[in-house]
Amino acid sequence: LARLRDVVPPRPAAGTTRRDPSGSFRRHAVRLAIAFTIATIASVGPLDLPHGYWLPMTVAWLLKPGFGATTTRLVARIAGTVAGIVVSVAVFSLITSDPVAVLLVGLTALVACAFVTANYAICTAGVTAFVISVFTAAGDPIEETAILRLSLTVAGAAVCALAVLLWRPRSGDTLGDRLAAQGRSLRTYAEVIMAGGPDAPPARS
């Protein structure tokens, strides 16, 4: 059991702050603040587009501490946005009645909520179709809303890509290093279990 205590780190005491020895989260906080500020200024200043808040909102959702996580998020966001636009435009081009709009709003909201943690691309498709359906039902031209949604999403993704390219996370804290450390911990745990002895946990029947 002594070896297991070395493998499994103790839980931090209540009220204590988790440490960030690599500084990755501090760098991410600064990077996110700068990128979000630039996106906000662009949305309310030179661009001054309808629904301009979509630009900083996209940056806030996409930018992650790691390069790989941000890249994956970018691809899922753009793919989901395109899929949501295609679905909503296709439905409204075929049927323009109010009951269909209400039904589409409900279905897309259900999809977005159901996949909010399971699959970001599908969740984004649901959110996009939901947003376009709501504004279309309110009287906004669907083509203009779709173009704005896609354009601001791509612009926000570009801001995030530049942020991680210009200020990339340190390579010392990589996924491979974490997986290797996890593998070593599991191997040590397995050795302790297989060794048996009075301190080994009893086998389950």
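This section describes the aromatic pairs, the nonpolar cores and one helix of a predicted model. In this predicted model, local features need pLDDT of at least 70 and side-chain atom pairs count only at pLDDT 80 or more, whereas totals for chains, interfaces and linings use all residues. Residues are numbered from 1 along each chain as its sequence is written, and side-chain values use heavy atoms, with hydrogens and water left out.

A search of the whole structure finds two aromatic pairs, a pair being rings of Phe, Tyr and Trp (its six-membered ring) with centres within 6.5 Å, where planes under 30 degrees apart count as stacked, over 60 as edge-to-face and the rest as tilted. The ring centres of Y53 and W54 are 5.9 Å apart and their planes lie at 65°, so this pair is edge-to-face. Y53 is partly exposed, with a relative accessible area of 45%, while W54, at 2% relative accessibility, counts as buried; buried means under 20% relative accessible area, exposed over 50% and partly exposed in between, with a 1.4 Å probe and protein chains only. W54 also forms an edge-to-face pair with F135, at 6.1 Å centre to centre and 70° between the planes. This pair links distant parts of the chain, since W54 belongs to helix α3 (residues 54–62) and F135 to helix α6 (residues 120–137), 81 residues apart; helices (H or I, at least four residues) and strands (E, at least two) are DSSP runs numbered from the N terminus. Through these ring pairs, Y53, W54 and F135 are linked into a cluster.

Two arginines lie over aromatic rings, by the criterion that NZ of Lys or CZ of Arg is within 6 Å of the ring centre and within 35 degrees of the ring normal. R149 lies over the face of W54, at 4.8 Å from the ring centre, and the charged end of R73 sits over the ring of Y120, 3.7 Å from its centre.

The largest nonpolar core, a core being a set of buried Ala, Val, Leu, Ile, Met, Phe, Trp, Tyr and Cys residues joined through side-chain atoms within 4.5 Å, has 17 residues, and W54 and L62 are among those with the most contacts inside it. Elements giving two or more residues to this core are α2 (24–44), α3, α4 (67–94), α6 and α7 (142–166), and α7 gives the most, with six residues. Apart from it lies another core, of seven residues, among them A101, L104, I142 and A146.

With contact taken as heavy atoms within 4.5 Å, and not counting residues up to four places away in sequence, W54 touches V131, F135, T145, L148, R149 and L152. T145, found in helix α7, counts as buried at 2% relative accessibility, and on the same basis touches W54, I132, F135 and D140.

Helix α5 (residues 98–114) has 17 residues and reaches 24 Å from its first C-alpha to its last, close to the expected 24 Å, the expected span being 1.5 Å times one less than the number of residues. A101, L104, T108 and A112 are buried in α5. Seen down the helix axis, the buried residues of α5 fall within an arc of 65°, so they line one face, the arc being that of the directions from the axis to the C-beta atoms. These buried residues pack against α4 and α6, whereas P99, V102, L103, L110 and C113 are exposed on the other side of α5.
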